[in-house]
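Subject: Handing over the structure

Hi,

Here is the structure I promised to pass on, with my notes underneath. Have a look at it first, then read on.

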Amino acid sequence: MIKASDFGPDFLWGVAVAATQIEGAADSYGKGPSIWDTFSKRSGKIKKGHHPATACDFYHQYQSDIRLVKTLGFKIFRFSISWPRVLPFGKGPVNKEGIRFYHDVIDECLANGLVPYVTLYHWDLPEALEREGGWTAFSINHAFNEFTTLCARTYGDKVKNWIVLNEPFGFTSLGYMLGIHAPGQTGLTSFFSAVHHAAIAQADGGRILRSEVPGANIGTSFSCSEVVPYTQSEADVMAASRFDCLMNRLFIEPALGMGYPETDWDVMEKFTIQHSTWRHTGRLSFDFDFIGLQNYFPITVKYNPFVPILQAWEVKAKSRKKPHTAMGWEINADSFYNIIKQFAAYPNIKNIMITENGAACHDKLTGNCVQDTERIEYFRLYLGALLKIKQEGINVTGYMAWTLMDNFEWAEGFNARFGLVYNDFKTQQRTIKDSGYWFQEFLKS
Ligand code: BGC
């Protein structure tokens, strides 16, 4: 049976959350609207018309929620600062109540012996900046640097661990290419310009934190998915390689000073040729202290000439009759092992932390119990794979479970439950699930 102590005494165990998904108080206490506040008002964008206005009401319940993190036995609490809560217009006037709130959250962590890991950008762009073009506009970099400087100067004496961006591929692809996340922009031109400005932001953010926060431990978090060709045919293998450029290589390679993965992907090359300055990789790279990796599923792809740009599409787990979570995401701990090894093979990565991993299940609250055995099994399998990676000498130093409690799961609304703690969204009653108790025992072991 796997034990936390197998990972060694210095291994860091944490749980992760994000502002929009839990805070609520979306239009109170001086907070400005974010792109998620406006996007969720557009009809048909979020399942069942849900919106993050109240979410888990963490804004008012942060003290008991942080105590819950301690009760479960975690040592790290990863949360994000809502940009429009501290800068309601994205730049300019500062909202003192917002600043106070994060001081309170940080102080509560420290009082409970928890180490705060702060994410600067977990997808809640101020709406005022979206009106200027959001991540597609060059001006975003100036505004992001102002936000980063404010956070670093305000909290830097208490917070030493920082994550600049959460999954830049996630918010640029879903929000600026496919339009299924806020702000709902579509098309390749907006996607690639959002990518470029996000790649600049991740490195600029690192540099600002380095100069403003003495002793800072600076990382940024990438989504990653092993990409598997459906067959070994040349067409499927090439299709998988294009997907890999898009899903796995697009942000880490510029961050490491390697530039964009254009040689293996002609569409990317077309954009970098059009914008020759994108090849000036100096501003895109930063010497991160750790790389955050977030994995949920592998992806199997098949050549498909009718799909524009990638000429490839995913063959879903369900149609391949593979075990999958309530999101339809394949459960496959070997693929977790493979993709972490793929990233660990890059030179110059000092240290890897798993900054998110978890599963959505069809949880049912019965009395005071949620018997989520599937989620327990998922964590057992994935932690087993992680242990194997660590034992092979890869410098993985921490693991953060996604997530503390059921929350606003973006376009899925409140319909997908990922928490170790069940949340009743009508009463805001929290109930520790069996998986939460499992983690509690595991962390004692
Ligand atoms: C995001 C989280 C999200 C989780 C599950 C990650 O991509 O960072 O905010 O809830 O996946 O979908």
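The hairpin of β12 and β13 has four residues between its strands, and Gln428 there takes a positive phi near 60°. Before you zoom in on that, please keep in mind that this is a predicted model. The two strands of the hairpin, β12 (residues 421-424) and β13 (residues 429-432), run antiparallel and are joined by four bridges. If you want one pair to click on, take Asp424, whose bridge partner in β13 is Gln429.

Now for the barrel. How many strands does the closed barrel have, and in what order do they run? There are eight, in the order β1-β2-β3-β4-β5-β7-β10-β11, and the pairing is parallel. On average, neighbouring strands of this sheet are turned by 25° against each other, with direction ignored. As a general reminder, the strands of a sheet pair through backbone hydrogen bonds, and they can do so parallel or antiparallel. A good place to see the pairing here is between β1 and β11 (residues 396-402), which are parallel partners over five bridges. Leu12, for instance, has Gly398 in β11 as its bridge partner.

Next, the pockets. The largest pocket holds about 1,300 Å³ of space. It is lined by 50 residues, and those closest to its centre are Leu174, Leu178, Ile180, Met247 and Phe297. Several elements give two or more residues to this lining: α8 (168-176), α9 (188-212), β5 (217-224), α10 (234-249), β7 (290-295) and β9 (312-314). Two of those, β5 and β7, are also strands of the barrel. Sorted by class, the lining has 30 nonpolar, twelve polar and eight charged residues.

The second largest pocket comes in at about 250 Å³. It has 15 lining residues, with Phe11, Trp13, Gly73, Lys75 and Leu443 nearest its centre. Both β1 (12-16) and α15 supply at least two residues of that lining. Which element gives the most to it? That would be α15, with three residues. By class, the lining of this second pocket splits into seven nonpolar, five polar and three charged residues.

While you are at α15, look at its helix neighbour too. The axes of α14 (residues 373-391) and α15 (residues 434-444) come within 9 Å and cross at roughly 35°. On the α14 side, the contact is made by Arg375, Ile376, Phe379, Arg380 and Leu383, and on the α15 side by Asp434, Ser435, Trp438, Phe439 and Phe442. Taken together, the residues of this contact are six nonpolar, one polar and three charged.

Then there are the closed spaces. The count comes to five cavities of 30 Å³ or more. The largest cavity has about 90 Å³ of space. Thirteen residues line it, and Ala19, Thr20, Ala26, Lys31 and Asp37 lie nearest its centre. At least two lining residues come from each of α1 (19-22) and α4 (83-86). What is the make-up of this lining by class? It has four nonpolar, four polar and five charged residues.

The second largest cavity has a volume of about 50 Å³. Its lining consists of Pro168, Phe169, Phe222, Ser223, Leu246, Met247, Asn248, Arg249, Leu250, Phe251 and Ile252. Here α8, β5 and α10 are the elements that give two or more residues, and α10 has the largest share, with four. Eight of the lining residues are nonpolar, two are polar and one is charged. You may recognise Met247, which is also among the residues closest to the centre of the largest pocket.

One last stop is Thr154, in helix α7 (residues 139-155). A polar atom of the Thr154 side chain lies 2.5 Å from the backbone oxygen of Leu150. Leaving aside residues up to four places away in sequence, Thr154 touches Ile99 and His103.

That is what I have so far. It is all yours now.

Best wishes

Terms used: Residues are numbered from 1 along each chain as its sequence is written. This is a predicted model: local features need pLDDT of at least 70, side-chain atom pairs count only at pLDDT 80 or more; totals for chains, interfaces and linings use all residues. Side-chain values use heavy atoms; hydrogens and water are left out. Axes are lines fitted to C-alpha atoms, for helices over the stretch in contact, and angles run from 0 to 180 degrees between N-to-C directions. Contact means heavy atoms within 4.5 Å. Ala, Val, Leu, Ile, Met, Phe, Trp, Tyr, Cys and Pro count as nonpolar, Asp, Glu, Lys and Arg as charged, and the others, Gly among them, as polar. A polar contact is a pair of N or O atoms within 3.5 Å; within protein, one must be able to donate a hydrogen and the other to accept it, and residues adjacent in sequence count only if both atoms are side-chain atoms. On a 1 Å grid over the protein atoms alone, a cavity is a set of points where a 1.4 Å probe fits but cannot get out, and a pocket is an open set with protein on both sides within 12 Å along at least five of seven lines; lining residues have an atom within 4 Å of a point. Grid points are joined across faces, edges and corners, and a volume is the space filled by probe spheres set on the points. Two strands pair if DSSP finds at least two bridges between them.
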